[in-house]
Amino acid sequence: MSFLRHQELLWLTENLRPLLQGARLQKVRRRDQFCMVWQCHRPSKPFHLILSTRPEVARVSVELSKRSTRPAQDTFATWVKSHLKGHRIVDIR
């Protein structure tokens with residue numbers, strides 16, 4: 001199994017912070033059972049934040065192109081949608 005280690009998470013947060021700070025969360029979708037997609041928007045710069053917990057290839061990434069997803073219906077995704085949708089991302093840690 002491959003999980004993101006502490007140093008990798010630190011590197012990701014430092015590099016994603018400039019893109020994510022101030023972005024507004026518009027949609028929370030699922031690509032599959034291991035992958036959540038947050039559709040975010042900055043003025044003139046929409047993007048997707050991909051959060052994958054797939055055991056073989058855990059990752060966090062950003063995509064600028066639109067991918068096929070389906071509505072999120074699991075408990076965590078529903079919580080994210082009800083509490084964070086429409087809000088701006090202030091910081092990531």
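Two strands count as paired if DSSP finds at least two bridges between them. With that meaning, β1 and β2 form a hairpin in which two residues stand between the strands. The structure described here is a predicted model.

**Overall architecture**

The protein contains two helices and five strands. Along the sequence, these elements follow the pattern α-β-β-β-β-β-α. The protein has 93 residues, of which 29% count as buried. Of the contacts in the protein between residues at least 6 apart in sequence, 49% join residues at least 24 apart.

**The paired strands**

The table sets out the strand pairings, with the hairpin that belongs to each.

| Strands | Sense | Bridges | Residues in the hairpin between the strands |
|---|---|---|---|
| β1 and β2 | antiparallel | seven bridges | two residues |
| β2 and β3 | antiparallel | eight bridges | two residues |
| β3 and β4 | antiparallel | five bridges | six residues |

Individual residues show how these strands are placed against each other. Between β1 and β2, Arg-29 stands opposite Val-37 of β2, and Arg-30 has Met-36, also in β2, as its bridge partner. Between β2 and β3, Cys-35 faces Ser-52 of β3. The turn of the hairpin between β2 and β3 includes Ser-44, whose phi is positive at about 60 degrees. Between β3 and β4, Ile-50 stands opposite Ser-61 of β4.

**Ser-52 in strand β3**

Ser-52 has its place in strand β3. Is this residue buried or exposed? Ser-52 counts as buried because its relative accessible area is 9%, and the cut-off for burial is under 20%. When neighbours within four places in sequence are left aside, Ser-52 is in contact with Phe-34, Cys-35, Val-57, Ala-58 and Arg-59. Cys-35 in this list is also the residue that stands opposite Ser-52. The C-alpha atoms of Ser-52 and Met-36 are 6.4 Å apart, although 16 residues separate the two along the chain.

**The nonpolar core**

The largest nonpolar core comprises 16 residues. Which of them have the most contacts inside it? They are Leu-16, Leu-20, Leu-25, Val-28, Trp-38, Cys-40 and Phe-47. Two or more residues of this core come from each of α1, β1, β2, β3 and α2. The greatest share is that of α1, which gives four residues.

Leu-16 illustrates how distant parts of the sequence meet. Apart from its neighbours within four places in sequence, Leu-16 is in contact with Leu-49, Val-60, Val-62 and Ile-92.

**The largest pocket**

The largest pocket has a volume of about 570 Å³. Its lining is made up of 28 residues, and those closest to the centre of the pocket are Trp-38, Leu-49, Leu-51, Val-60 and Ile-92. Among these, Leu-49, Val-60 and Ile-92 are also contacts of Leu-16, while Trp-38 is one of the residues with the most contacts inside the largest nonpolar core.

Which elements each supply at least two residues of the lining? They are the helices α1 (6–20) and α2 (75–84), together with the strands β1 (24–32), β2 (35–42), β3 (45–52) and β4 (59–63). The most is given by α1, with five residues. By class, the lining holds 19 nonpolar residues, four polar residues and five charged residues.

**The segment after α2**

Val-90 lies in the segment that follows α2. This residue counts as exposed because its relative accessibility is 67%, and the cut-off for exposure is over 50%. Val-90 and Ala-23 are 67 residues apart along the chain, yet their C-alpha atoms are separated by 8.0 Å.

**Summary**

In this predicted model, antiparallel pairing links β1 to β2, β2 to β3 and β3 to β4. Helix α1 gives the most both to the largest nonpolar core and to the lining of the largest pocket. Ser-52 is a buried residue, whereas Val-90 is an exposed one.

Definitions and conventions:
Residues numbered from 1 in each chain as written. Predicted model: local features only at pLDDT ≥ 70, side-chain atom pairs only at ≥ 80, totals over all residues. Heavy atoms only, no water. 1 Å grid on protein atoms, 1.4 Å probe; cavity = no way out; pocket = protein on both sides within 12 Å on 5 of 7 lines; lining within 4 Å. Points joined across faces, edges and corners; volume = space filled by probe spheres on them. Nonpolar A, V, L, I, M, F, W, Y, C, P; charged D, E, K, R; others polar. Core = buried A, V, L, I, M, F, W, Y, C linked by side-chain atoms within 4.5 Å. Buried < 20%, exposed > 50% of the residue type's maximum accessible area, 1.4 Å probe, protein only. Contact = heavy atoms within 4.5 Å.
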